[in-house]
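Open the model in a viewer and keep the selection tool at hand. The stops below go through side-chain contacts, one selection at a time.

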Amino acid sequence: MNGRVYLMLSASALLIGAGAVATIKGTAYAGAPTETQAAKIAAGYATKARQALAKRDVRGVEFAEQAVKAAPQDAGYRALLGQAYLMAGRFASARDALRDALTLAPNDARSALALSLAQIAAGDWSGARETLAAHEALIPAADRGLAVALAGDPASAVELLSAAARAPGADAKTRQNLALALALAGNWPQARAVASLDVAPQDLDARIAQWAQFARPQGAADQVASLLGVVPVVDAGMPVALALAPKADVPAVAAAETPAPEAAPTVVAAAEAAPVAVAEVAPAATPVAAQADARPTIVFAPRREVVQPLPAGKPVKAVADKGVVKLVANKPVVAVVASKTEPAPAKAPASGNFYLQLGAYENAAVARDGWLRATRRFAGFSGQTPSGMAVKTAAGSFYRLSLGGFARGDAVALCAAYRAKGGNCFVRQGVGDQVASWVKPGRELASR
């Protein structure tokens, strides 16, 4: 399958946290290292593995293997090795490493989720569903639902995700996972309706087209490989020497030198400050809501109200600017470092038919709380009157929060200023937006 599909399973949902790592200098040991020395050696290699994975450097596999050799009973290092294999497209090896990680740490939800993806890529769908079922109490429903769909049971995934999407606090990620599950189940009209809640109108056709391609894989590994943005390789499995053995049977490890950990780069996702998209479309019968984003490597994305636009098929590249590394997924996405002194628009916006879409909430009361948070975050909303509208989809009923009635240029400038302060929004034309239900006639809601 050509091109990477940005799903709500972001590559960081399986990301192994850095944790506490000892900083040591390179040291040569004449004989086998002591237990303390071996732990330092393993920590050094693990640090280098994480740094390599952050750069999508294939050397992450070698460093992770060395960490496991030095500390074979450490579940975290084996989980890190499984992640490294996943990002290298070595799915059989990832499956072996992650099974060992779960043997050592049976309640590790991240490893369970990563293992299910490795099993799916290896064609073991039933095994993946068993893994997900065994850890259902640990893996969040939004994450588990999409994994169940990828494991060949989209009907069960739709049932699971529909309930999750209707639950209080459901976010854009959950709704987009439900939309994809509906697509994989063949219910494209409902998939489009649900997706439209969090995708800008000008991006909706592209998202559905990419999902259509995603739904027709040529091989067992295609969907997981597309999800992770990797190329699957022929893989015989993890080296036998790294297989988990009883602690008493593990030989001491000799090492020539200890790698010194390097400083990890600061990574800023391009979606954090992507340019404002404007919908050049006529008012639609079905209202739409805010976008959601995705994070990089394999952990599930955190809650946000914006959906990152799908890339055009070009690989992610790093762009350096003043010591900061920004991930640029495709041409339409321009990485910008948010300024702490970004000024709000100085003049009142001119009247027009363009709106800032701020979010989709379970009801008007929750939307009101979202509006109050937005006004506290961004002074430029002070004195403005919010708009809203109730909508119904297969995912349930939602209240769409917006702000507008502005000229296009002013709406774009206002949204850009809000996003520079860390907010989420996109600009679209009006589709029947009305004054928010909690605003009394003749009064504006004061920001607090």
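This predicted model holds five aromatic pairs. Select Phe 381 and Tyr 418 to begin: the ring centres are 4.7 Å apart and the planes stand at 50°, so the pair counts as tilted. Colour by secondary structure and Phe 381 appears in the loop between α13 (364–377) and β5 (387–393), with Tyr 418 in helix α14 (residues 408–420); the pair therefore ties together parts that are 37 residues apart in sequence. Both Phe 381 and Tyr 418 are buried.

Move to Tyr 399 and Trp 438, a tilted aromatic pair with 6.0 Å from centre to centre and 50° between the planes. Tyr 399 belongs to strand β6 (residues 396–406) and Trp 438 to the segment after β8 (434–435), so the contact links distant parts of the chain, 39 residues apart. Tyr 399 and Trp 438 are buried.

Return to Phe 381 and Tyr 418 and add Trp 371 and Phe 378 to the selection: these four residues form one aromatic cluster.

Next come charges over rings. Select Lys 48 with Phe 63; Lys 48 lies over the ring face, 5.1 Å from the ring centre. Then select Arg 175 with Phe 398, where Arg 175 lies over the face at 4.9 Å from the ring centre.

How many disulfides does the structure hold? There is one, formed by Cys 415 and Cys 425, with sulfur atoms 1.9 Å apart. The angle about the S-S bond is 115°, and the link is right-handed. Cys 415 lies in helix α14 and Cys 425 in the loop between α14 and β7 (426–429), so the link joins parts 10 residues apart in sequence. Cys 415 and Cys 425 are buried.

The last stops are salt bridges, 10 by count. Select Asp 100 and Arg 78, whose closest N and O atoms are 3.4 Å apart. Asp 100 is in helix α4 (residues 91–104) and Arg 78 in helix α3 (residues 75–87), 22 residues apart. Asp 100 counts as buried at 14% relative accessibility, as does Arg 78 at 2%.

Asp 235 and Arg 90 meet in a salt bridge at 3.6 Å, N to O. Asp 235 lies in the loop between α12 (222–228) and β1 (267–269) and Arg 90 in the loop between α3 and α4, so this pair ties together parts 145 residues apart in sequence. Asp 235 is buried at 19% relative accessibility, while Arg 90 is partly exposed at 21%.

Finish by selecting Arg 400, Arg 428 and Asp 433, which salt bridges with shared partners join into one network.

Notes: Residues numbered from 1 in each chain as written. Predicted model: local features only at pLDDT ≥ 70, side-chain atom pairs only at ≥ 80, totals over all residues. Heavy atoms only, no water. Phe/Tyr/Trp six-rings, centres within 6.5 Å; stacked < 30°, edge-to-face > 60°. Helix = DSSP H or I, 4+ residues; strand = E, 2+ residues; numbered from the N terminus. Buried < 20%, exposed > 50% of the residue type's maximum accessible area, 1.4 Å probe, protein only. Lys NZ or Arg CZ within 6 Å of the ring centre and 35° of its normal. Disulfide = S-S within 2.5 Å. Salt bridge = Lys/Arg side-chain N within 4 Å of Asp/Glu carboxyl O.
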